[in-house]
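I opened this notebook to keep track of what I looked up, one entry at a time. Each entry takes a residue or an element and sets down what I found there.

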Amino acid sequence: GGFREIFPNENEGQTIFDYLYYGNYEAGLRNSLMLKLVRDVVRNRLLSVLREQESLLYSPYMLLYYKGLPQAGYYFDINASVDTKNMEKVDQLLKEIIRDVQENEVEESELAALQRSFVTRREVVNDYATAEWKKYLMGALRDGETLDDLARYEEILYSITPADLKDACRKYLNMERCGVLLMQGKESK
């Protein structure tokens, strides 16, 4: 499924890639949090496998773009640059990482650490940061989140289980809705 496009790269021996997973979701805080947790879990795996274990990439990125209204849509963008000779191995490892998060639940401790980081990030929005509150509320409402959801933020966040996250990985990282964009230079010999 999906699509694959290859463009020339003037930098011989280098491939710049973007793996795009896209689709629609039901707008609301719980699903916005699920999207962010999927992003962070995959990002952790990318860094662990591609950088630390395999030393193939220094900085793999996992970006998330989503918008709840008027129609809830999202896309994940996994991107980096790699020696062209290593691209096939990177492609294989990326697919293994995605398959792993779709088939195996994350450890409770990893999920709890991610959830705590979300609460810490949200604490930037406090009683003295009115501009930050305004920005946060406008973004939340644009993303289809209700004021009731926001009042129950931590309750909703901590209600997400490893099984929920595995299901979200299956749903949001669907190979039928995946595109691959490559800027590829010739392999240097």
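**Entry on D83.** I began with D83 and asked whether this residue is buried, exposed or something in between. I noted it as partly exposed, because its relative accessible area is 40%, a value that lies between the 20% under which a residue is buried and the 50% over which one is exposed. The model I am reading is a predicted one, and I keep that in mind for every entry. D83 is found in strand β4, which covers residues 73-83. I then looked up its distance from L57 and found the two C-alpha atoms separated by 8.8 Å, although the residues are 26 apart along the chain.

**Entry on the whole chain.** I stepped back to see what D83 belongs to. The protein has 189 residues, of which 44% count as buried, and its secondary structure comes to seven helices and five strands. Reading along the sequence, I wrote down the pattern β-β-α-β-β-α-α-α-α-α-α-β. The C-alpha atoms fill a box of roughly 60 × 35 × 30 Å when I take it along the principal axes. I also looked at contacts between residues at least 6 apart in sequence, and 82% of these join residues at least 24 apart.

**Entry on the loop before β4.** Between β3 (61-67) and β4 there is a loop, and P70 lies in it. I checked the peptide bond that joins L69 and P70 and found it to be cis, with omega at about 5°.

**Entry on α1 and S55.** Helix α1 covers residues 29-53; I counted 25 residues in this helix and a reach of 35 Å from first C-alpha to last, which is close to the 36 Å expected at 1.5 Å a residue. S55 follows α1 and sits in the loop between that helix and β3. What did I find for the phi of S55? The angle is positive, near 55°, in a residue other than glycine. I set S55 down as exposed, because its relative accessible area is 57%.

**Entry on α4.** For comparison of the same kind of reading, I turned to helix α4, residues 130-142. This helix has 13 residues and reaches 18 Å from its first C-alpha to its last, close to the 18 Å expected at 1.5 Å a residue. After α4 comes G144, and the phi of G144 is also positive, near 80°.

**Entry on α1 against α7.** Next I asked at what angle α1 and α7 pack. The answer I noted is about 85°, with the axes 9 Å apart, and α1 is therefore roughly perpendicular to α7. From α1 the contact is made by R30, N31, M34, L35, L37, V38 and V41, and from α7 by D164, L165, A168, C169 and Y172. Sorted by class, this contact has nine nonpolar, one polar and two charged residues.

**Entry on α2 against α7.** Helix α7 (residues 162-172) also comes up with helix α2 (residues 87-103): the two axes come within 7 Å and cross at roughly 135°, so α2 is oblique to α7. Here V101, Q102 and E103 of α2 meet K166, C169 and R170 of α7. By class I wrote down two nonpolar, one polar and three charged residues for the contact of α2 with α7.

**Entry on K95.** I stayed in α2 for K95, which lies in that helix. K95 is partly exposed, because its relative accessible area is 34%. K95 and M175 are 80 residues apart in sequence, yet I found their C-alpha atoms 9.3 Å apart in space.

**Entry on the cysteines.** C169 had appeared in the contacts of α7 with α1 and with α2, and I wanted to know how many disulfides there are. The count comes to zero. C169 is in no disulfide, and the nearest cysteine sulfur, that of C178, is 14 Å away. Why does C178 not form a bond with C169? The 14 Å between their sulfurs is too far for one, since a disulfide requires sulfur atoms within 2.5 Å. I closed by checking burial: C169 counts as buried because its relative accessibility is 1%, and C178 is buried with a relative accessible area of 4%.

Key:
Residues numbered from 1 in each chain as written. Predicted model: local features only at pLDDT ≥ 70, side-chain atom pairs only at ≥ 80, totals over all residues. Heavy atoms only, no water. Axes fitted to C-alpha atoms, helices over the stretch in contact; angles between N-to-C directions. Helix = DSSP H or I, 4+ residues; strand = E, 2+ residues; numbered from the N terminus. Parallel < 35°, antiparallel > 145°, perpendicular 65-115°, else oblique. Contact = heavy atoms within 4.5 Å. Nonpolar A, V, L, I, M, F, W, Y, C, P; charged D, E, K, R; others polar. Expected span 1.5 Å × (residues − 1). Buried < 20%, exposed > 50% of the residue type's maximum accessible area, 1.4 Å probe, protein only.
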